[in-house]
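Biologist: Please take a close look at the ligand site of this protein, and at the pockets that can be set beside it.

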Amino acid sequence: MALELKHVTKIYDNGFQAVTDFNLEIKDKEFICLVGPSGCGKSTTLRMIAGLETITDGEFNINGVKVNDLSPRQRGIAMVFQSYALYPTLTVYENMAFGLELAGFDQDVIKQRVDEAAKILGLTEYLDRKPKNLSGGQRQRVALGRAIIRHADIFLMDEPLSNLDAKQRVNMRSELVKIHRSVGATTIYVTHDQIEAMTMSDRIVVMSLGKVQQVGTPKELYFHPKNLFVAGFIGDPPMNFLNSHVEGKQIVADDNSITLPVAPLGKEFVSKLEGKSLVVAYRPEHVYYEIPEGSTAKDCFEFKGVVEVSELLGDVQNIYITVGNAQGAKAVLKAGPNLVTKPGAEIKYFVKKEDMHFFDAISQDVIE
Ligand code: ATP
């Protein structure tokens with residue numbers, strides 16, 4: 001099923017505008033994640049798609065047909081919530097079968113569908129168990145099973161993994177992708193966890209304050225964030241930002257802690273930066289401690305900083321520094337475990353010109 005949201009807006013009864021002019025076309029069988037910080041309007045958007053919340057303004061279409069006024073049931077949508085609310089006295093089989101039984105389906109059809117869903121979800125041997133004798137991950141799979149057996153063409157999920165522990169979440173992420181492939185339903189998945197979004201989606205919608213900030217594949221959002229919000233939201237640790245401006249042939253930090261020659265950038269691009277308040281940005285993982293192979297000093301920006309502290313995570317370390325001098329802006333650099341650093345020591349690093357991002361500090365948009 002292809003879905004389309006056209007200029008969708010939600011104003012709640014108390015006058016609060018939770019979603020503003022939301023536009024998105026979703027292709028058949030696509031896996032879309034809505035991400036953004038708490039309160040940005042993700043659940044409201046999902047609930048409007050489900051038909052659980054009225055659309056104040058705009059249009060929601062399924063396969064080209066406007067469905068604003070159809071009930072949730074008429075829209076043919078299955079929804080999985082954060083709290084999976086299984087019936088404690090029913091077995092896994094009965095929990096999954098419940099909805100179809102209410103709808104008056106034949107026992108043979110129900111059994112066939114439950115068995116099929118149980119197979120996809122790895123629940124076949126648990127069908128006789130009660131929910132209390134299952135792990136959190138298994139309970140979540142039962143909740144998914146209830147949605148799968150409805151054979152809905154559209155799946156909506158609202159933070160379905162948030163009740164699981166870290167390890168179960170990682171496992172369920174890859175399982176959800178497999179389940180999506182075998183079920184083939186168009187899926188919209190709400191999460192505030194950018195790692196979930198990056199690992200599962202065909203495309204991600206980043207939202208802030210009720211507005212879409214950017215829509216793109218995980219790669220597009222990571223490599224080409226359109227604005228400062230997306231740049232800061234996608235990536236962990238987040239991108240490093242340095243407020244600066246161009247003075248002659250130098251990029252100068254506003255706090256005067258560092259200057260970077262503009263030479264690696266073309267003249268035409270430099271002219272776009274001149275006279276603007278800039279935010280220069282680079283990812284912690286895009287730094288090198290020597291001029292990177294295949295590059296020359298002319299292709300790179302050379303930074304200096306002062307180490308505050310370093311955190312060894314095993315295979316990598318995060319080095320927290322101040323840029324330029326001890327009063328400079330904060331930044332985080334990733335390094336291999338063997339790079340030796342000491343608090344207070346000076347550190348030198350390089351960023352390739354293609355890994356640098358420049359934003360207009362006033363409009364917050366990327367300069368390309
Ligand atoms: P979270 O990640 O915390 O669930 P969210 O991005 O899903 O957040 P929504 O639940 O869509 O955010 O809420 C968006 C905004 O709308 C919030 O500021 C919220 O307080 C407000 N809101 C939600 N429901 C209502 C309501 N029924 N009446 C008025 N305002 C509401």
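Modeller: What follows describes the shell around the ligand and then turns to the two pockets. This is a predicted model, in which local features need pLDDT of at least 70, side-chain atom pairs count only at pLDDT 80 or more, and totals for chains, interfaces and linings use all residues. Residues are numbered from 1 along each chain as its sequence is written, and side-chain values use heavy atoms, with hydrogens and water left out.

There are 13 residues around the ligand, and Ser38, Gly39, Lys42, Ser43 and Thr44 come nearest (a residue is near a molecule if one of its heavy atoms lies within 4 Å of it). Helix α1, residues 42-50, gives the most to this shell, with 3 residues (helices are DSSP runs of H or I with at least four residues, strands are runs of E with at least two, and both are numbered from the N terminus). By class, the shell divides into 5 nonpolar, 6 polar and 2 charged residues, where Ala, Val, Leu, Ile, Met, Phe, Trp, Tyr, Cys and Pro count as nonpolar, Asp, Glu, Lys and Arg as charged, and the others, Gly among them, as polar.

Oxygen atoms of the ligand take part in polar contacts (pairs of N or O atoms within 3.5 Å): a polar side-chain atom of Ser38 lies 2.6 Å from one such oxygen atom, and a polar side-chain atom of Ser43 lies 2.7 Å from a ligand oxygen atom. For Cys40 it is a polar backbone atom that is 3.1 Å from an oxygen atom of the ligand. The ligand taken alone exposes 640 Å², of which the protein buries 62% (Shrake-Rupley areas with a 1.4 Å probe).

The largest pocket holds about 800 Å³ of space (an open set of points on a 1 Å grid over the protein atoms alone, where a 1.4 Å probe fits, with protein on both sides within 12 Å along at least five of seven lines; lining residues have an atom within 4 Å of a point). Of its 26 lining residues, Ala78, Met79, Gly99, Arg146 and Arg150 are the closest to its centre. The lining has 19 nonpolar, 3 polar and 4 charged residues, and α2 gives the most to it, with 6 residues.

The second largest pocket has a volume of about 320 Å³, and of the 17 residues that line it, Lys353, Glu354, Asp355, Met356 and His357 are the closest to its centre. Because domain 1 (3-233) and domain 2 (240-360) both give residues to its lining, this second largest pocket lies between them (domain bounds come from an automatic or database domain assignment).

Note on methods
Points joined across faces, edges and corners; volume = space filled by probe spheres on them. Polar contact = N/O pair within 3.5 Å; in protein donor to acceptor, adjacent residues only side chain to side chain.
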